Protein chains: 2
Amino acid sequence: MSFLDTRSRRRFSPEKLAKHNLFETPHLFADVYCVGAGQNQKPHRHDGATKVYYVIEGEGVFRVGDEERTLTAGQLAFARPGEIHGVENRSGKELVLLVTMAPNPNVS
Amino acid sequence: MSFLDTRSRRRFSPEKLAKHNLFETPHLFADVYCVGAGQNQKPHRHDGATKVYYVIEGEGVFRVGDEERTLTAGQLAFARPGEIHGVENRSGKELVLLVTMAPNPNVS
């Protein structure tokens with residue numbers, strides 16, 4: 001299980017952003033987020049963790065702190081500990097993200 | 001500097017694999033590796049850290065532990081602490097990776 005395909009986690013939900021875990025270790029976890037048109041992850045923050053959103057496919061509007069930026073495939077946004085961050089899919093198309101959080105908050 | 005473009009780090013070196021840092025926090029660092037045809041990162045290990053290779057473009061042969069797998073865009077390989085890992089570009093084309101390591105070994 002050291003080799004994974006993000007495409008195998010490409011499943012959207014009509015109700016809300018769908019999160020699919022890829023793997024986790026004590027140091028980080030990696031998810032695929034499938035964000036349908038009009039869906040979002042509300043701005044929030046994590047104390048003591050770094051979060052990275054990498055755009056695999058589509059276009060999203062990312063907020064980190066007070067800044068907002070539209071990103072497409074190959075671009076990323078990251079939030080340092082305590083920084084507000086979120087993403088919104090205002091495009092008419094599907095958005096797929098590789099999301100990493102370190103350290104893994106699920107492991108003490 | 002919370003928003004970055006991996007494409008802006010797409011620079012190859014004729015001599016060897018080129019590593020370009022994207023950003024770092026105490027929890028992780030992220031690099032872009034540009035691996036020319038025939039170039040490689042020799043198998044090695046990190047005690048106490050998780051390493052992730054995500055394929056942005058091209059095709060690479062990844063080793064983790066005793067396993068070897070050919071991966072293309074959208075696929076990833078990860079190595080747990082102490083696990084041997086490396087990558088080789090045996091294709092005739094350029095290979096671009098997003099590489100994450102957590103925790104950041106450069107920060108004590």
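This tour moves from the interface between chains A and B to a strand pairing across it and then to a single arginine. The model is predicted.

**The interface from chain B**

Begin by selecting the residues of chain B that touch chain A: 33 residues of chain B are in contact with 33 residues of chain A. On the chain B side, colour strands S1 (3-5), S5 (50-57), S6 (59-64), S7 (67-72), S8 (75-79) and S10 (95-102), each of which gives two or more residues to this surface. The greatest contribution comes from S8(B), with 5 residues. Colouring the chain B side by residue class should then show 19 nonpolar, 9 polar and 5 charged residues.

**Strand pairing across the chains**

Keep S8(B) displayed and add strand S1 of chain A, residues 3-5. The two strands run antiparallel and are joined by 3 bridges. Within this pairing, centre the view on Leu4(A), which has Leu76(B) of S8(B) standing opposite.

**Arg80 of chain A**

Next, select Arg80(A), located in the loop that lies between strands S8 (75-79) and S9 (85-88) of chain A. Is Arg80(A) buried or exposed? Arg80(A) counts as partly exposed because 18 other C-beta atoms lie within 10 Å, and a residue is buried only at 20 or more and exposed at 12 or fewer.

Now display the surroundings of Arg80(A). Leaving aside residues up to four places away in sequence, Arg80(A) touches Thr50(A) and Thr25(B). Finally, draw a distance between the C-alpha atoms of Arg80(A) and Lys51(A): the separation is 6.8 Å, although these residues are 29 residues apart along the chain.

Note on methods:
Residues numbered from 1 in each chain as written. Chains lettered and ligands numbered in written order. Predicted model: local features only at pLDDT ≥ 70, side-chain atom pairs only at ≥ 80, totals over all residues. Contact = placed C-beta atoms within 7 Å. Helix = DSSP H or I, 4+ residues; strand = E, 2+ residues; numbered from the N terminus. Nonpolar A, V, L, I, M, F, W, Y, C, P; charged D, E, K, R; others polar. Pairing = 2+ DSSP bridges.
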